Amino acid sequence: MPSVLITGASRGIGRAAAFAFARDAWFVGVNYCQSEAEALSVVQSIEDIGGLACALKGDVRCAADCAAMVHTMEERFGPLDALVNNAGVSLPGLFTTTSEDDWQQTLDVNLTGARNMATAVLPGMIARKRGAIVNVSSMWGLCGASCEVSYSAAKAGLIGFTKALARELGPCNIRVNCVAPGVIQTDMNASLSQQDLDELADATPLCRIGRPEEVAEAILFLAGPKSSFITAQVLGVDGGYI
């Protein structure tokens, strides 16, 4: 069975991705930073349907934590076949009032975290000359969003990271792709008013907000063998918003 490590997998898109991979007969590493109860619940639910998973506590901003999570996965399930960089944080507000700490935290979690995880998994993937990395960006990384400058910048950086790393790792048969979700029903968007959500839905050609499961299926596709000749791509899962 193939194995995958998913960061930020205790809720939202990461949680949905964990279930999608489990149903497709993957071993699943469920990373969390603070939400231990939620992560353990995901693991238990996967085991209840006959899958295998483990909870991995770690802060993607810390390179040592990332290396430890990869080591734990490889000890338990063998070589890692895929990495999903999903951990993210959004700290909305006017750019002129964004603190240096908030700016740095947004970049560290969304962008440097992906770098740290890739650094941890790549030695094994390069040695075996196989593997897949899927980065979770955002449609705001493509078009930008008012009051989301730091988040948009980090997610745009993740797209550049994806394209450049894919070119570098192609000769090693390692694929790197990206999904760019639109407005999805997750905790990150829970602070939006119903009016805001309605306006975003109206601006979406499919006239609705997306579901985490819909993004999860795109992630699974890009990580698996059905996309074996696809790399350096950004797949929008945004209902046609962009």
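In this predicted model, the buried residues of helix 3 are Cys66, Met69, Val70, Met73 and Phe77. Around the helix axis they span an arc of only 95 degrees, and therefore lie on the same side of helix 3. The spacing along the chain fits a familiar pattern: an α-helix has 3.6 residues a turn, so residues three or four places apart point the same way. On the face turned away from this buried side, helix 3 carries the exposed residues Ala64 and Glu75.

What, then, covers the buried residues of helix 3? The cover includes three strands, namely strand 1 (3-6), strand 2 (27-32) and strand 3 (53-57), together with helix 4 (100-128). Helix 3 itself runs over residues 63-77, 15 residues in total. From its first C-alpha to its last it reaches 21 Å, close to the 21 Å expected at 1.5 Å a residue. After the helix comes Gly78, with a positive phi near 90 degrees.

It helps to turn next to the sheet. Seven strands form an open sheet in the order 3-2-1-4-5-6-7, and their pairing is parallel. Strand 3 and strand 7 (234-237) are the edge strands, each pairing on one side only. From one strand to the next, the twist averages 20 degrees.

Two of the pairings can be followed in more detail. Strand 2 and strand 3 are joined in the parallel sense by five bridges, and here Gly29 stands opposite Cys54 of strand 3. Further along the order, strand 4 (residues 82-85) pairs with strand 5 (residues 131-136), again in the parallel sense, over four bridges. Asn85 has Asn135 in strand 5 as its bridge partner.

Helix 3 packs on this sheet, where it touches strand 1, strand 2 and strand 3. The direction of helix 3 makes about 160 degrees with that of strand 3. Helix 2 (residues 36-48) also belongs in this part of the picture, lying across strand 2 and strand 3. Relative to strand 3, helix 2 runs at about 165 degrees. Which way does the chain turn as strand 2, helix 2 and strand 3 make a β-α-β unit? The unit is right-handed.

Strand 3 thus links several of these features: it is an edge strand of the sheet, it is part of the β-α-β unit with strand 2 and helix 2, and it is included in what covers the buried residues of helix 3.

Technical notes: Residues are numbered from 1 along each chain as its sequence is written. This is a predicted model: local features need pLDDT of at least 70, side-chain atom pairs count only at pLDDT 80 or more; totals for chains, interfaces and linings use all residues. Side-chain values use heavy atoms; hydrogens and water are left out. Helices (H or I, at least four residues) and strands (E, at least two) are DSSP runs, numbered from the N terminus. The expected span of a helix is 1.5 Å times one less than its number of residues. Buried means under 20% relative accessible area, exposed over 50%, partly exposed in between (1.4 Å probe, protein chains only). The arc is that of the directions from the helix axis to the C-beta atoms. Contact means heavy atoms within 4.5 Å. Two strands pair if DSSP finds at least two bridges between them. Axes are lines fitted to C-alpha atoms, for helices over the stretch in contact, and angles run from 0 to 180 degrees between N-to-C directions. A crossover is right-handed if, with the strands pointing away from the viewer, the path from the first strand over the helix to the second runs clockwise.
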